[in-house]
Amino acid sequence: MEKNMLYLKNGYMIDPASGTEGYRDILIEDDKIARILQPGEDCPHDGEEIDLNGQCVIPGLVDVHVHFRDPGFTHKEDIYTGAQAAMRGGFTTVVLMANTKPAVDNPETLSYVLDKGKETGIHIHTCANVSVGLQGRELTDMENLSRLGAAGFTDDGIPLLDEKLLRTALQRAAKCHKPVSLHEENPALITNNGINAGKASAHYGIGGSPREAEISMVERDLRIAVDEEADLSIQHISTKEAVELVRQAKKESSHIYAEATPHHFTLTEEAVIAHGTLAKMNPPLREEADRLAIIEGLKDGTIDMIATDHAPHSIEEKAKPLTEAPSGIIGLETSLSLGIRELVNKGHLSMSELIRKMSYAPAKLYHLDAGYLAEGGPADLTVFNPHKEWVVDSFASKAANSPFVGETMPGVIGYTICGGRIVYKNTERGY
């Protein structure tokens, strides 16, 4: 059988796994990287050749916290449109959250998601639920769901309040060698979620979500995870106190992880005053001190990875009054650009450090063969121009619920390559 070959010439390769950075040519054969060569090194081939003219070549990005709303809420997004948004944002691997309808708490729904994901052209993984029906009362058959392909476990969006249940879940997940990723907000402390209890809530005259709602849950769950030596990821961290709790827990255990979203390291509650429901999310945008603490956590390694929490909603849903509209924003198509703008261009992270947090680090947590560039490794790559700018004016996602619409951002994706095949080629932004 004739091999599918692709030759990427004159690219500036950044591999966060090995620390390699510099101009390289890359030969792809079928779904693997066959050779990585110095420019000008002889490499006869019969494949398509693309001259990248010095643009960046990185591992395909990996997002381990996305919502594709399928099954059950496909008016917001489905697996196909979510995958298109991922490709346009440079992602070749995503891990879906399990708060669908029906929830991913049974083999049938798990198979539905994974089978549909195989039709998209990128790698679609999914977590399964920790508890049956996201009710927080009875654990799912975690062992069987793990065998059938669940990448990890979560009840994202509905915090696990039963301490004993969580402890048992962590024990069982550890035996399956799978992480547990938790949304950390205590609903008992929240009057109106999605808005910080502070300047934003005062502006709208509502109760809001106090920082203690996150802090108390993070403190409890880190303690349990350290005891059980189980892989625990604190999702979309939003408070400076939670960042510090993770920092201290990491000194006691190598099983503690944390993720930050682009919106939490970019925006504060001021954005909710300016954009209303388009900046409403769980956990909410908080204060400038919290935003800076998240950036510091990314810099010193307390926060391992960047994940979007891509949360599509319809225009009609977001048009409801603030206290009735659902929380969440989309993020796959703006994530890399926000990382470049807020973290690299402002001197907080090197480009390689940013790419590590958006590829190799999340892949490592979920034991995925992704996030690196090496001979014999997967031919999942993203090509982008870090200097070229684009305007946020349209989305491949079904949804458009983003506070960044109309903004000019750096970092234009040129190609997204998954399994050795070009799944996205930029024809709309003058790449």
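Two strands count as a pair if DSSP finds at least two bridges between them. I start with that rule, as my first entry is about a hairpin. The model I have open is a predicted one.

**Entry 1: a hairpin**

I looked up strands β16 and β17 first. β16 covers residues 408-418 and β17 covers residues 421-425. The two pair in the antiparallel sense, and I find 4 bridges between them. Which residue of β17 is the bridge partner of Cys-418? I find Arg-421 there. Between the strands of this hairpin sit 2 residues. Gly-419 has a positive phi, near 60 degrees, in the hairpin.

**Entry 2: an open sheet**

Next I went to a sheet with parallel pairing. This open sheet has 6 strands, and I noted their order as β9-β10-β11-β12-β13-β14. Which strands are at the edges? They are β9 (128-129) and β14 (305-306), and each of them pairs on one side only.

I then picked β11 and β12 for a closer look. β11 (residues 180-182) runs parallel to β12 (residues 232-234), and 3 bridges join them. Leu-182 has Ile-234 as its bridge partner in β12.

**Entry 3: the nonpolar cores**

As general background, nonpolar side chains in soluble globular proteins tend to be buried together. Here I find that the largest nonpolar core holds 72 residues. Which residues have the most contacts inside it? My note reads Ile-237, Leu-336 and Leu-354. Another core lies apart from this one, with 20 residues, and its members include Leu-267, Ala-271, Phe-404 and Met-409.

I went back to Ile-237 for its own contacts, leaving out neighbours within four places in sequence. Among its partners are Ala-242, Val-243, Val-246, Ala-260, Ile-294 and Ile-303. Glu-214, Glu-259 and His-264 are in contact with Ile-237 too.

**Entry 4: helix α12 and the largest cavity**

Leu-336 took me on to α12. Of the 10 residues in this helix, 10 are buried, and the helix is mostly covered. The buried residues include Arg-341 and Glu-342, along with Leu-336, Leu-338, Ile-340, Leu-343 and Val-344.

I then searched for cavities of 30 Å³ or more. How many does the structure hold? I count 5. The largest has a volume of about 60 Å³. Its lining is made up of 12 residues, and those nearest its centre are Glu-333, Ser-337, Trp-390, Gly-411 and Ile-413. By class, I noted 4 nonpolar, 5 polar and 3 charged residues in that lining.

Where do the lining residues come from? α12 (335-344) and β16 each supply at least two of them. The helix, α12, gives the most, with 3 residues.

**Entry 5: Gly-89**

I wanted to see what Gly-89 is doing. It sits in the loop between α1 (79-88) and β7 (91-96). Is Gly-89 buried or exposed? Buried means under 20% relative accessible area. Gly-89 has a relative accessibility of 3%, so it counts as buried.

Not counting residues up to four places away in sequence, Gly-89 touches Leu-61, Leu-332, Glu-333 and Ile-413. I met two of these names in my previous entry: Glu-333 and Ile-413 are among the lining residues nearest the centre of the largest cavity.

I also checked Gly-89 against Leu-182 of the sheet. They are 93 residues apart along the chain, and their C-alpha atoms are separated by 25 Å.

**Entry 6: Gln-248**

For contrast, I looked up Gln-248 in helix α7, which spans residues 240-252. Its relative accessible area is 33%, so I write it down as partly exposed. The C-alpha atoms of Gln-248 and Ile-122 are separated by 37 Å, with their positions 126 residues apart along the chain.

**Entry 7: two pockets**

Last, I turned to the pockets. The largest pocket holds about 590 Å³ of space. Of the 27 residues that line it, Arg-69, Asn-99, Asp-156, Gly-157 and Asn-282 lie nearest its centre. I sorted the lining into 11 nonpolar, 10 polar and 6 charged residues.

The second largest pocket holds about 270 Å³. It has 13 lining residues, and nearest its centre I find Gly-301, Asp-304, Arg-356, Lys-357 and Ala-361. Two or more residues of this lining come from each of α10 (288-300), α13 (351-357) and α14 (360-365). How do the classes divide in this second lining? My tally is 5 nonpolar, 1 polar and 7 charged.

Conventions
Residues are numbered from 1 along each chain as its sequence is written. This is a predicted model: local features need pLDDT of at least 70, side-chain atom pairs count only at pLDDT 80 or more; totals for chains, interfaces and linings use all residues. Side-chain values use heavy atoms; hydrogens and water are left out. A nonpolar core is a set of buried Ala, Val, Leu, Ile, Met, Phe, Trp, Tyr and Cys residues joined through side-chain atoms within 4.5 Å. Buried means under 20% relative accessible area, exposed over 50%, partly exposed in between (1.4 Å probe, protein chains only). Contact means heavy atoms within 4.5 Å. On a 1 Å grid over the protein atoms alone, a cavity is a set of points where a 1.4 Å probe fits but cannot get out, and a pocket is an open set with protein on both sides within 12 Å along at least five of seven lines; lining residues have an atom within 4 Å of a point. Grid points are joined across faces, edges and corners, and a volume is the space filled by probe spheres set on the points. Ala, Val, Leu, Ile, Met, Phe, Trp, Tyr, Cys and Pro count as nonpolar, Asp, Glu, Lys and Arg as charged, and the others, Gly among them, as polar.
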